[in-house]
Amino acid sequence: MLWMISTAAGLGQGGPDLAALVEAVSATRMHATVRELADDRYAGRRVGSPGGRAAASWLAERLGDLGAQVQVLEFDVAGVRELYATPVLEWSGAGQTRHLEHRRDFVEHLASAELPHPRTALLTKVPKTDSGTGSETGSETGLRGRWVLADATTWGRACELAEAQSAAGVLTVRGTDADGWMPKMIAGPPARAVPIIAVRPEVHRHLGEALDNGLVQMTGSMPLRQITTRGRNVYARFPRTETGSHRGGDGSVGGNAGLRVVLSAHYDGVGDDPDRRLPAAADNASGVAAVLEAARVLAAAPPGAPELTVAFLDAEEAGAWGSVHHAAALPPDTLVINLDGAAQLHEAAAVEAGGPAHALLATLDRAARLTGVPLKAGAMASDNRRYAAAGLASIGVGMGMPGYQTPAETPDRVQPDTLLAAARLLVATVMLLTT
């Protein structure tokens with residue numbers, strides 16, 4: 001194990017300045033930020049969308065209000081999945097027609113070809129493989145014009161057969177979360193040449209049973225396309241004027257006593273569906289709120305604190321491209337702490353370290369003990385990995401995302417105590433880096 005569970009200790013052990021700064025963190029202010037970013041006018045904050053651009057502007061204004069030197073830099077993002085209409089899926093068998101609900105019963109498969117209009121055809125199963133020859137049984141055109149039902153282990157072969165035989169499309173299976181939602185994603189593998197729709201396990205089972213008892217007719221559409229758009233990173237530098245010159249506003253930081261500290265969080269979401277809101281409150285309005293509040297508190301820190309850069313990153317949901325662009329601009333001795341999710345702390349916050357982060361990790365551990373935030377080693381597949389891949393000392397921290405990438409990801413599920421824990425941990429870690 002890289003990490004251990006932290007135990008609470010008195011803030012006074014960190015000195016009066018640290019105690020005062022940590023106590024200045026406001027849960028009310030952070031929850032207001034979460035509610036703002038989850039508002040209807042930001043439409044889920046997908047990269048390149050009007051709502052995403054509006055969120056970047058709002059964050060830039062808030063950072064400017066704190067006295068930071070703010071810069072917004074744009075970059076290209078390719079391969080973003082855009083669902084431009086609500087998909088349709090229904091099936092008929094034994095004299096009954098069943099209309100399925102998008103994101104409850106079925107969802108877009110990220111490798112799907114675009115199918116803008118409903119296509120109706122009979123359903124069939126993936127042909128079995130002859131155990132003696134290894135070839136597919138049945139006619140070489142047995143799938144032509146039909147929807148093909150495949151399970152999670154055969155969908156790749158089903159796609160190859162469907163493409164070769166001009167099938168109508170492929171149905172495969174995908175699970176739901178604990179609330180019965182099928183989460184949305186906007187980055188994935190290259191598109192296949194046939195439409196692919198994923199249904200929840202119960203629907204998949206019912207379709208298989210219906211096929212065993214007679215004919216099944218499917219009608220489905222998948223108005224999903226891949227677009228190239230522009231992302232916007234928001235950088236804010238909080239200079240320490242008492243220490244002389246500093247670097248420019250490209251997201252890099254000059255440093256007190258050589259320290260260069262970046263607090264980062266992605267502000268983008270997966271975007272609303274055409275007919276349904278996905279507020280993205282936990283992922284990652286909560287992380288943004290905690291970083292913004294930590295920046296507010298640290299901006300008032302006494303002389304000697306490290307110079308700080310805040311990076312609010314775009315296009316994490318599309319492949320973490322915002323951090324790719326930011327990491328390339330940073331000096332090699334930069335220390336990065338990335339927060340992705342600060343909504344529901346269960347037993348402990350998940351921590352993943354990468355690059356030459358041993359000293360930073362030790363400081364985070366000390367800060368966690370002083371603030372009473374339990375930590376444990378855990379995978380954090382977020383922007384922290386892009387910084388680490390660039391050779392920087394990088395730590396990713398996560399404190400839960402209830403309703404992850406579904407309509408249930410609402411501000412009321414973001415816990416104020418978790419926001420407090422996250423912001424206090426960030427403040428304490430940055431302050432302790434000077435000692």
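## A loop between two helices

Let's begin in the loop between helix 2 (27-37) and helix 3, where you will find Ala43. Keep in mind that this is a predicted model. The phi angle of Ala43 is near 50°, a positive value in a residue other than glycine. Is Ala43 buried, exposed or partly exposed? Ala43 is partly exposed, and its relative accessible area is 33%.

Another alanine makes a good partner for this one. Ala315 sits in the loop between strand 12 and helix 7 (321-327). Ala315 is not a glycine either, yet its phi is positive, at about 65°. Here the relative accessible area is 0%, so Ala315 counts as buried, since buried means under 20%.

## The chain as a whole

Now step back and look at the whole chain. How many helices and strands does the chain have? There are 10 helices and 16 strands. The chain has 435 residues, and 55% of them count as buried. Its accessible surface comes to about 16,900 Å², with 51% of that belonging to carbon and sulfur atoms.

Contacts also tell you how the chain folds back on itself. Take the contacts between residues at least 6 apart in sequence: 82% of these join residues at least 24 apart.

## A sheet that starts with strand 1

Eight of the strands can be traced together as one open sheet. In what order do its 8 strands lie? The order is 1-10-12-11-13-16-14-15, and the pairing is mixed. At the edges are strand 1 (69-83) and strand 15 (375-377), each of which pairs on one side only. From one strand to the next, the twist averages 25°.

Two helices pack on this sheet. Helix 3 (residues 50-65) touches strand 1, strand 10 (224-238) and strand 12 (307-313), and its direction makes about 0° with that of strand 10. Helix 6 (residues 281-298) touches strand 10, strand 11, strand 12 and strand 13, and its direction makes about 150° with that of strand 11. Within the sheet, strand 11 (residues 260-266) and strand 13 (residues 335-339) run parallel and are joined by 4 bridges. Val261, for example, has Leu335 in strand 13 as its bridge partner.

Helix 6 has one more detail to look for. Asn284 lies in helix 6, and the peptide bond leading from Asp283 to Asn284 is cis, with omega near 10°.

## The two sides of helix 1

Helix 1 (residues 16-23) shows how one helix can have a buried side. Its residues Leu18, Ala19, Leu21 and Val22 are buried. Why do they lie on the same side of helix 1? They cover an arc of only 165° around the axis, and this puts them on the same side.

Turn to the face pointing away from that buried side, and you meet the exposed residues Pro16, Ala20 and Glu23. The cover over the buried residues of helix 1 includes helix 6, helix 8 (358-371) and helix 10 (416-432).

## A second sheet

Another 8 strands form an open sheet, also with mixed pairing, in the order 3-2-9-5-6-7-8-4. Its edge strands are strand 3 (96-99) and strand 4 (106-108), and each pairs on one side only. Neighbouring strands of this sheet are turned by 30° against each other on average, direction ignored.

Helix 4 packs on this sheet, touching strand 6, strand 7 and strand 8, and its direction makes about 175° with that of strand 7. Helix 5 (residues 201-213) packs on the sheet as well; among the strands touched by helix 5 is strand 5 (115-125), with whose direction it makes about 50°.

## Strand 7 and its neighbours

Strand 7 (residues 169-173) is worth a closer look. Because 4 of its 5 residues are buried, strand 7 is largely enclosed by the rest of the structure. Strand 6 (residues 147-149) runs parallel to strand 7, and 3 bridges join the two. Strand 7 also runs parallel to strand 8 (residues 196-199), with 4 bridges between them.

Which residue in strand 7 stands opposite Leu149? That residue is Leu171, whose bridge partner in strand 8 is Ile197. Thr172, in turn, stands opposite Ala198 in strand 8. Finally, follow the path from strand 6 through helix 4 (residues 155-164) to strand 7: together they make a right-handed β-α-β unit.

Technical notes:
Residues are numbered from 1 along each chain as its sequence is written. This is a predicted model: local features need pLDDT of at least 70, side-chain atom pairs count only at pLDDT 80 or more; totals for chains, interfaces and linings use all residues. Side-chain values use heavy atoms; hydrogens and water are left out. Two strands pair if DSSP finds at least two bridges between them. Axes are lines fitted to C-alpha atoms, for helices over the stretch in contact, and angles run from 0 to 180 degrees between N-to-C directions. Contact means heavy atoms within 4.5 Å. Buried means under 20% relative accessible area, exposed over 50%, partly exposed in between (1.4 Å probe, protein chains only). The arc is that of the directions from the helix axis to the C-beta atoms. Accessible areas come from the Shrake-Rupley method with a 1.4 Å probe; for residues, only the protein chains shown count as cover. A crossover is right-handed if, with the strands pointing away from the viewer, the path from the first strand over the helix to the second runs clockwise.
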